[in-house]
Amino acid sequence: MEIVTRKILVALTLILVLLPACAKRDANSNNSPSKTITNTGSDTMVNLALAWAEQYQKEHTDVLISVTGGGSGTGINSLLSGTTDIANASRAMKDEEKATAEKNGFKPQEFVIAKDAIAVIVNPKNPVKDLTLEQISKIYKCEINNWAELGGEDRPIVRLSRESNSGTHVYFLETVVRLGDKKDKSIFCPKTLLLPSSEGIIAEVRDNPNAIGYDGLGYITEEVKVLGLAKELSQPFVLPSESTANDGTYPISRNLFMYTRGEPTGAIADYLQWIISPEGQAIVSNLGFVPIKGN
Amino acid sequence: MFKPNPIRTDRNVTYIIKIAGYSSILFLALIFFFLLQNGIPALKETGLAKLFQSTWYPTEAYFGILPLLFGSLLVTFLAILIALPFGVGTAVFISEIAPRAMKEILKPLVEILAGMPSVVLGFIGIVVVVPYMQRTLNLPTGQAAITGAILLGLIAIPTVVSIAEDALNAVPQSYRQAALAMGATRWQTIWGITVPAAKTGILTAIMLGIGRTLGETMAVMMVTGNAAVMPEGLQSIFMPVRTMTATIASEMGEVAKGSAHYAVLFFIGIVLFIFSLIINILASWVSTRGRKRSERILS
């Protein structure tokens with residue numbers, strides 16, 4: 001499914017790139033795009049990046065933005081090798097990646113351009129409403145194996161996750177499974193189902209009353225039940241939303257990043273400035289992500 | 001006027017055909033060389049002992065491919081258990097029983113099934129088969145080895161049918177006539193004469209069906225849950241598994257080139273290559289052995 005999605009995205013990108021070009025040539029042959037920005041990376045962010053590019057190109061007909069997915073790692077690698085202007089990443093750059101950048105002669109600039117709350121979801125038939133992070137950690141380490149242990153029905157727990165190379169998977173592993181402990185080396189237990197797409201996780205949770213899964217808030221549909229989470233039992237359980245992610249009461253939300261090669265200039269700087277402007281951030285909420293504070 | 005020299009034309013065409021023929025050997029050699037070049041470093045960096053362990057979690061350097069091997073073999077075995085009776089049964093029906101008009105409808109239908117993209121079957125699997133299996137068998141999840149095997153069986157059936165049917169058609173008409181003349185019923189003719197006579201072709205069909213199943217990726221990745229678990233007795237049939245092909249497909253996209261993980265994925269590719277090589281050698285061995293015996297009978 002991922003591959004198909006990617007193909008569709010490539011096609012969409014082409015359309016996005018070609019359509020304005022054609023349209024402009026019809027309107028005014030002298031006014032063809034003069035500045036090109038390439039934007040590659042995170043699959044989580046690809047819809048967002050496409051929406052931004054589409055809107056921005058409508059307003060700035062002289063700029064051409066081509067967006068591709070491939071994953072956070074892919075985006076950062078392209079930035080390092082100089083094949084993209086802006087890398088999208090749903091995780092921060094690793095130290096070794098920063099070192100490679102400096103070896104290649106530039107200091108990567110980091111921009112937080114949106115936030116993404118990770119929702120933990122179950123089937124609507126499941127009576128469980130809230131969980132603590134520690135309980136979820138134990139579920140994914142196969143230390144809790146039945147919903148009855150959590151006040152639910154006597155049913156086995158089926159754990160769902162994205163594939164291990166997804167930025168969302170890595171974030172969930174570090175923040176929830178290991179509870180933020182850097183020295184903790186525990187991993188998802190082998191029984192965890194690794195599904196190739198967000199859609200796959202939503203579909204399985206929708207159809208299976210035993211399932212538990214997690215995904216970015218932007219992908220959650222009405223057909224699944226979102227759990228309230230708390231860091232510890234003493235704290236109140238909080239549902240993910242724009243406001244709870246921004247004020248920090250919802251425990252698992254992460255920053256989404258864009259990286260450039262050194263301090264951005266010209267069209268790239270203008271584009272990034274527009275992205276964090278209220279207009280750019282309005283698109284963020286429309287797609288179910290969380291806008292950054294202060295705007 | 002230029003007049004083509006038939007001898008020269010003949011020589012040139014022979015050359016072209018020769019090149020085309022040898023090119024497939026060249027491509028195979030190149031692919032194998034590429035696989036070895038990229039996969040052998042896994043033996044040095046990770047080592048055989050670490051490769052044949054039971055935990056697969058590559059981002060934390062757990063490179064045990066045993067659960068993946070088990071997953072591929074289990075799904076393939078179950079799929080062939082499904083494809084064998086249906087495939088051979090359909091072939092027998094088309095070749096021996098169906099009236100001419102029906103035969104002419106059935107053959108193209110089977111070919112359409114063969115041309116069905118596996119991602120379509122996988123999608124049907126996710127939407128229909130997975131929830132159905134979960135409800136009717138009351139499994140923890142419908143994303144299980146058996147679900148993958150059902151879809152793979154569907155994918156392998158057309159391969160088995162068309163090759164087995166060719167083999168049945170190749171059985172001389174006189175065999176059937178002789179059997180019927182001796183008073184055998186139609187079932188006795190099929191079971192006692194036609195199928196045994198076409199045995200080698202049917203075995204080849206099964207071998208190629210196994211090859212098709214082992215290499216299938218998309219459908220299996222979508223419905224088997226991709227959990228890299230080790231077998232726990234018979235119930236593993238109803239548990240999620242992770243196959244070698246699904247692992248390569250889902251992880252190759254984001255792995256850093258030249259890393260240990262990259263090499264291990266190519267090593268899995270080598271293992272798959274060796275498996276399909278064995279299957280193909282078995283298939284050709286079965287068919288040549290069969291031919292020799294039939295030649296002996298005829299002489």
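This passage walks through the fold of chain A, its domains, the contact between chains A and B, and two backbone oddities in chain B. The model is a predicted one, so everything below is read off computed coordinates.

Starting with chain A, the secondary structure adds up to 10 helices and 11 strands. The chain runs to 295 residues, and 45% of them count as buried. As for how the chain folds back on itself, take the contacts between residues at least 6 apart in sequence: 70% of these join residues at least 24 apart.

Chain A splits into two domains. Domain 1 is built from two stretches, 36-114 and 255-286, while domain 2 covers 116-253. Measuring from C-alpha atoms, the centres of domain 1 and domain 2 of chain A sit 28 Å apart. Where the two domains of chain A meet, 11 residues of domain 1 are in contact with eight residues of domain 2. On the domain 1 side of that meeting point, the residues break down into three nonpolar, seven polar and one charged.

Next comes the interface between the chains. Here 29 residues of chain B are in contact with 26 residues of chain A. On the chain B side, three helices each put in at least two residues: α5 (118-136), α10 (218-223) and α11 (244-251). Of the elements involved, α5(B) makes the largest contribution, with five residues. Sorted by class, the chain B side that touches chain A has 16 nonpolar, 10 polar and three charged residues.

Two residues in chain B stand out for their backbone angles. One is B:Ala61, which has a positive phi of about 65° despite not being a glycine. B:Ala61 is found in the loop that links β1 (56-57) to β2 (62-63) of chain B. Is this residue buried or exposed? B:Ala61 counts as exposed, because just 11 C-beta neighbours fall inside 10 Å and the cut-off for exposed is 12 or fewer.

The other is B:Asn138, again a residue other than glycine with a positive phi, this time near 55°. B:Asn138 belongs to the loop between α5 and α6 (145-169) of chain B, and α5(B) is the helix that gives five residues to the side touching chain A. With 8 C-beta neighbours inside 10 Å, B:Asn138 also counts as exposed. To recap, both of these positive-phi residues lie in loops of chain B, B:Ala61 between β1 and β2 and B:Asn138 between α5 and α6.

Key: Residues numbered from 1 in each chain as written. Chains lettered and ligands numbered in written order. Predicted model: local features only at pLDDT ≥ 70, side-chain atom pairs only at ≥ 80, totals over all residues. Helix = DSSP H or I, 4+ residues; strand = E, 2+ residues; numbered from the N terminus. Buried ≥ 20, exposed ≤ 12 C-beta atoms within 10 Å, placed from the backbone. Contact = placed C-beta atoms within 7 Å. Nonpolar A, V, L, I, M, F, W, Y, C, P; charged D, E, K, R; others polar. Domains from an automatic or database assignment.
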